[in-house]
There are 2 protein chains.
Amino acid sequence: MLHDPAQLDLMFQALADPARRQMVDRLSRGPASVSQLAEPLAMSLSAVVQHLNVLEASGLVRSEKLGRVRTCQIEPKALRAAEHWINERRNAWERRLDRLGDFLAETSDET
Amino acid sequence: MLHDPAQLDLMFQALADPARRQMVDRLSRGPASVSQLAEPLAMSLSAVVQHLNVLEASGLVRSEKLGRVRTCQIEPKALRAAEHWINERRNAWERRLDRLGDFLAETSDET
DNA sequence: ACAATAGTGAAGTAAATGCTTCAGTGTTGG
DNA sequence: CCAACACTGAAGCATTTACTTCACTATTGT
């Protein structure tokens with residue numbers, strides 16, 4: 001389910017914006033309210049809420065409202081899915097290069 | 001240089017599109033020409049070239065033209081940069097949870 | 001009770017994205 | 001030489017994105 005292409009779209013899309021990455025960065029140091037997330041960002045609170053919606057839709061962030069304050073947290077499982085996709089491709093490529101290296105090393109043993 | 005926010009924008013943005021991820025996936029199995037990249041995709045060659053430009057601008061893919069065929073390759077360094085960003089945030093979050101777990105375990109030693 | 005707080009929702013807008021088609025350019029096999 | 005091949009580039013177009021402002025709804029501290 002976490003390898004669903006559409007889910008990966010949403011995730012990478014979510015991480016493509018610097019404001020959203022900053023929000024994730026903030027949340028990686030601990031939970032925060034919407035206003036706390038908004039504080040370092042040079043944009044309206046409305047804009048921040050919209051970014052938050054993107055992050056929640058992507059599964060990267062979860063939030064809960066208690067009274068009038070909504071508290072947000074990272075969902076590390078989602079981050080792991082993105083990491084996993086990248087890791088697989090990078091590994092495939094690097095294994096290929098290794099095999100190629102081995103091949104070249106072998107075939108140059110024409111002494 | 002690889003931690004430049006603008007560069008990360010381009011990278012995650014590049015990975016946000018399923019067609020582009022498919023291209024990266026193909027390239028992770030070895031170099032390919034533009035037409036080879038285009039072959040499994042249900043879109044015009046022009047569109048594929050545009051996706052390729054996005055991938056090259058992001059640093060994820062490098063290409064070189066010999067005669068009339070352009071050969072594309074993955075740039076694993078770039079993939080590593082994206083992976084690194086994610087990894088740092090996830091680790092920060094998980095360390096936090098661990099510390100919190102320790103704290104809770106300790107303070108419940110009120111026997 | 002009431003003002004301040006914390007967030008929500010709906011428009012509206014400018015710019016960016018993901019295509020398309022069509023008209024090229026340089027390369028190469030026969 | 002010339003037709004097929006492998007792109008390349010520009011223009012156009014529909015949709016999505018990243019905001020804005022403004023009006024509004026709950027909560028809460030005093």
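Helix α4(A) gives the most to the surface near DNA strand D, with 4 residues. Keep in mind as you look around that this is a predicted model.

**Around DNA strand D**

In total, 21 residues surround DNA strand D, and the closest are Ser46(A), Ala47(A), Gly67(A), Val34(B) and Ser35(B). Both chains take part: α4 of chain A is joined by α3 (34–38), α4 and β3 (69–74) of chain B, each supplying at least two residues of this surface.

**Around DNA strand C**

Turn now to the other strand. DNA strand C is surrounded by 21 residues, with Ser35(A), Ser44(B), Ser46(B), Ala47(B) and Gly67(B) the closest. Here chain A offers α3 (34–38), α4 and β3 (69–74), while chain B offers α4 (45–57), and each of these elements supplies at least two residues. The largest share of the surface near DNA strand C comes from α4(B), with 4 residues.

Here is how the residues divide by class:

| Surface | Nonpolar | Polar | Charged |
|---|---|---|---|
| Near DNA strand C | 8 residues | 8 residues | 5 residues |
| Near DNA strand D | 8 residues | 8 residues | 5 residues |

**How α4(A) meets α2(A)**

Helix α4 (residues 45–57) of chain A also packs against helix α2 (residues 18–28) of chain A, at an angle of about 70° and with the axes 10 Å apart. Angles of 65 to 115 degrees count as roughly perpendicular, and α2(A) and α4(A) are therefore roughly perpendicular to each other. On the α2(A) side the contact is made by Ala19(A), Arg20(A) and Met23(A), and on the α4(A) side by His51(A), Val54(A) and Leu55(A). By class, this contact has 4 nonpolar, 1 polar and 1 charged residues.

Conventions:
Residues numbered from 1 in each chain as written. Chains lettered and ligands numbered in written order. Predicted model: local features only at pLDDT ≥ 70, side-chain atom pairs only at ≥ 80, totals over all residues. Axes fitted to C-alpha atoms, helices over the stretch in contact; angles between N-to-C directions. Parallel < 35°, antiparallel > 145°, perpendicular 65-115°, else oblique. Contact = placed C-beta atoms within 7 Å. Nonpolar A, V, L, I, M, F, W, Y, C, P; charged D, E, K, R; others polar. Near = placed C-beta within 6 Å.
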